[in-house]
Amino acid sequence: MNGNEYRVKPGPEGLLPPAAACCGVVLSEKGQGLVEGALKSENDTLRVMARELLTRQNPTIFPGPLVLWAWREGVADKAASVLELAHEIPGVRIIPMPDYRPIYPKIDPEAVINPCHPNLTIWHNKIEVCVFIGVHCHFANITLKMIRAGTNCYTITLCHEAGHEDSMASLPFADANQVRALTETIRQLKREGLRPRYADTPGILLTAAQEALSQGLVWQPAPVAQ
Amino acid sequence: MALRTLQVSPGFMRFMPKEYQDLVEKGPFGRKLKLSDLGTYKELLEEHPMCEGCAMAFFIRLALTALPAPEHTVIVGTAGCGRLSLSQAAIPFVYGNYCDTNGVATGIKRGLALRFPDQPKDVVVIAGDGGLSDIGFSQVMHGWFRQEKFTTVMLDNEVYGNTGGQESGMTKRGEVVKMAPIGKQFEKIDMIGLAKTAGVAYIARLTPTNPSRIISTIRKAVLIAREVGPTYVQAYTSCNIEYSIPPEKVLEDARQVEKERYGFLEIISDEAKAFLAAQDAAHRE
Ligand SMILES: Cc1ncc(C[n+]2csc(CCOP(=O)(O)OP(=O)(O)O)c2C)c(N)n1
Ligand code: SF4
């Protein structure tokens with residue numbers, strides 16, 4: 001621990017959860033990670049992330065613009081490492097956050113996650129564990145707090161910069177090597193006998209919106225139940 | 001933003017929402033498109049939460065269509081109805097405080113010029129009449145006097161639409177709006193005259209009655225701002241809600257206002273005229 005007892009646990013924490021930083025949670029250094037607010041070694045952090053991803057409901061990767069758009073050297077490799085990671089998590093979905101512009105009057109929660117209302121995507125898809133990667137820190141922070149406020153999702157961040165106190169597990173300075181280290185840890189846990197929750201559903205699942213799109217169909221989100 | 005930022009990383013296209021797939025495959029970026037191409041490509045703005053039939057939303061759609069290089073453009077906006085759709089368009093949008101759009105635009109324009117000396121970047125302020133003629137007034141004027149090279153587009157609905165109908169400096173004298181019950185006590189501010197005094201290189205006033213005129217006006221304003229100096233477009237965009245105009249009567253209202261008092265006006269400096277003539281000549285070759 002950091003000498004304080006505040007734990008960054010999955011929510012729902014209520015409308016305005018305190019920023020973990022205000023509760024004494026400090027960011028980790030390179031080679032370390034944060035798990036629920038406590039400093040851990042990188043290795044221990046990766047093991048926690050791997051376990052949560054393999055055992056919780058509807059694991060989902062949320063790649064942000066810094067992964068989705070091949071805007072400079074190195075992005076394609078990092079993107080490839082994210083796909084490798086996805087292939088090791090049975091039943092995983094990939095729902096993008098391609099940019100941060102607001103989407104009103106209505107988002108399609110099976111097509112996109114948006115920092116103005118990320119909880120909608122989490123709720124609709126009943127996601128209980130997710131990984132954010134390639135989201136600019138400012139928007140990641142807002143998103144993480146909203147998710148912690150309103151959902152029970154376990155949030156994991158692979159951050160290119162200093163990491164995120166408001167996610168349940170966070171690794172700072174994460175490039176493609178760290179992503180591949182997480183993939184390797186997942187393989188290791190499986191070798192150690194951990195049976196993934198969706199072991200019978202290998203591969204990446206497409207959401208209904210992605211499925212329809214890949215077949216050239218127009219898909220409409222289901223109407224909200226009255 | 002540049003075209004390179006529009007390449008999806010290998011393997012991720014199938015996870016991208018349809019809108020983004022369309023933007024990459026059939027968006028307006030890096031292409032020279034005309035008004036008649038509307039409907040054949042993916043526009044920068046489609047869905048938005050502005051009121052049904054709002055003339056301002058219609059004008060914004062056309063103004064975005066007119067941008068000569070959307071992949072090299074930054075829009076600056078602020079509080080007010082217009083930003084509801086501008087912030088959703090597929091183009092970088094910076095939200096200035098309600099008063100400092102033109103100061104913010106100045107910094108962005110100068111910063112981009114330093115960062116990208118070989119690549120012209122267009123900065124376009126699009127904000128309401130309250131944002132530009134009232135609270136942002138001094139920054140608009142100073143930007144013009146400093147001859148900052150960006151475009152200012154006023155969405156002139158002659159009222160504070162977004163906050164329920166207070167009068168603005170651009171409301172007509174005598175007009176009673178919902179939160180100005182005794183009627184406006186002074187004349188509509190002559191922003192066109194002020195722009196002239198400040199030496200704005202291209203000044204235009206128009207209504208949304210003629211789509212091709214909107215396109216050509218905005219395009220001229222952006223190109224002249226890139227090369228010559230500040231430009232100003234004042235567009236009557238009405239407000240169905242505050243002026244109780246039924247959506248189906250919005251264009252009728254615009255035609256009437258154009259005929260009775262708004263007209264179409266262009267004031268072009270000699271330098272800007274020479275620039276446009278050179279552009280035309282280059283185009284014909
Ligand atoms: C500094 C500041 N003062 C006041 C407001 C409240 N406010 C938000 S929108 C608005 C009026 C917008 O009117 P206008 O600029 O004419 O745009 P419209 O909504 O009519 O398009 C006001 C006063 C604010 N956001 N910031
Ligand atoms: S309040 Fe008026 S200006 Fe604002 S979106 Fe509605 S009609 Fe348009």
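**Close-ups of a predicted model**

**View 1. Strand β5 of chain A has buried side chains pointing both ways.** A:Val129, A:Val131 and A:Ile133 point one way from β5(A), while A:Cys130 and A:Phe132 go the other way, and all of them are buried. Keep in mind that this is a predicted model. The strand spans residues 129–133, and with five of its five residues buried, β5(A) counts as mostly covered.

**View 2. β5(A) is joined to β3(A) by five bridges, and five bridges also join it to β6(A).** Take the β3 pairing to begin with: β3(A) covers residues 59–63 and runs parallel to β5(A). Look for A:Phe62 here, whose bridge partner in β5(A) is A:Phe132. Now for β6(A), residues 154–158, which also runs parallel to β5(A). In that pairing, A:Ile133 has A:Leu158 of β6(A) as its bridge partner.

**View 3. A helix links up with two strands in a right-handed β-α-β unit.** The pieces are β5(A), helix α5 (residues 137–150) of chain A and β6(A).

**View 4. β3(A) also pairs with β4(A).** Strand β4 of chain A takes in residues 92–94, and two bridges join it to β3(A), with the strands running parallel. Here A:Ile61 sits opposite A:Ile94 of β4(A).

**View 5. Zoomed out a bit, chain A shows an open sheet of eight strands.** Read across, the order goes β2-β1-β7-β6-β5-β3-β4-β8, and the pairing is mixed. At the edges stand β2 (38–41) and β8 (204–205) of chain A; each has a single partner strand, so one side of each is left without a neighbour in the sheet.

**View 6. Chains A and B meet, burying about 2300 Å² between them.** Of that area, 63% is on carbon and sulfur atoms. On the chain A side, A:Trp69, A:Arg101 and A:Leu213 lose the most area to chain B, together accounting for 30% of what that side buries. Counting contacts, 29 residues of chain A touch 27 residues of chain B.

**View 7. Ligand 2 is surrounded by residues of chain B.** The shell includes four cysteines, B:Cys51, B:Cys54, B:Cys81 and B:Cys239. Two methionines, B:Met50 and B:Met56, are there too, along with B:Asn157, B:Asn240 and B:Ile241. Sorted by type, the shell comes out as seven nonpolar residues, two polar ones and no charged ones.

Methods: Residues numbered from 1 in each chain as written. Chains lettered and ligands numbered in written order. Predicted model: local features only at pLDDT ≥ 70, side-chain atom pairs only at ≥ 80, totals over all residues. Heavy atoms only, no water. Near = heavy atom within 4 Å. Nonpolar A, V, L, I, M, F, W, Y, C, P; charged D, E, K, R; others polar. Buried < 20%, exposed > 50% of the residue type's maximum accessible area, 1.4 Å probe, protein only. Helix = DSSP H or I, 4+ residues; strand = E, 2+ residues; numbered from the N terminus. Pairing = 2+ DSSP bridges. Right-handed = clockwise from strand over helix to strand, strands pointing away. Contact = heavy atoms within 4.5 Å. Buried area = accessible area lost by both parts, 1.4 Å probe.
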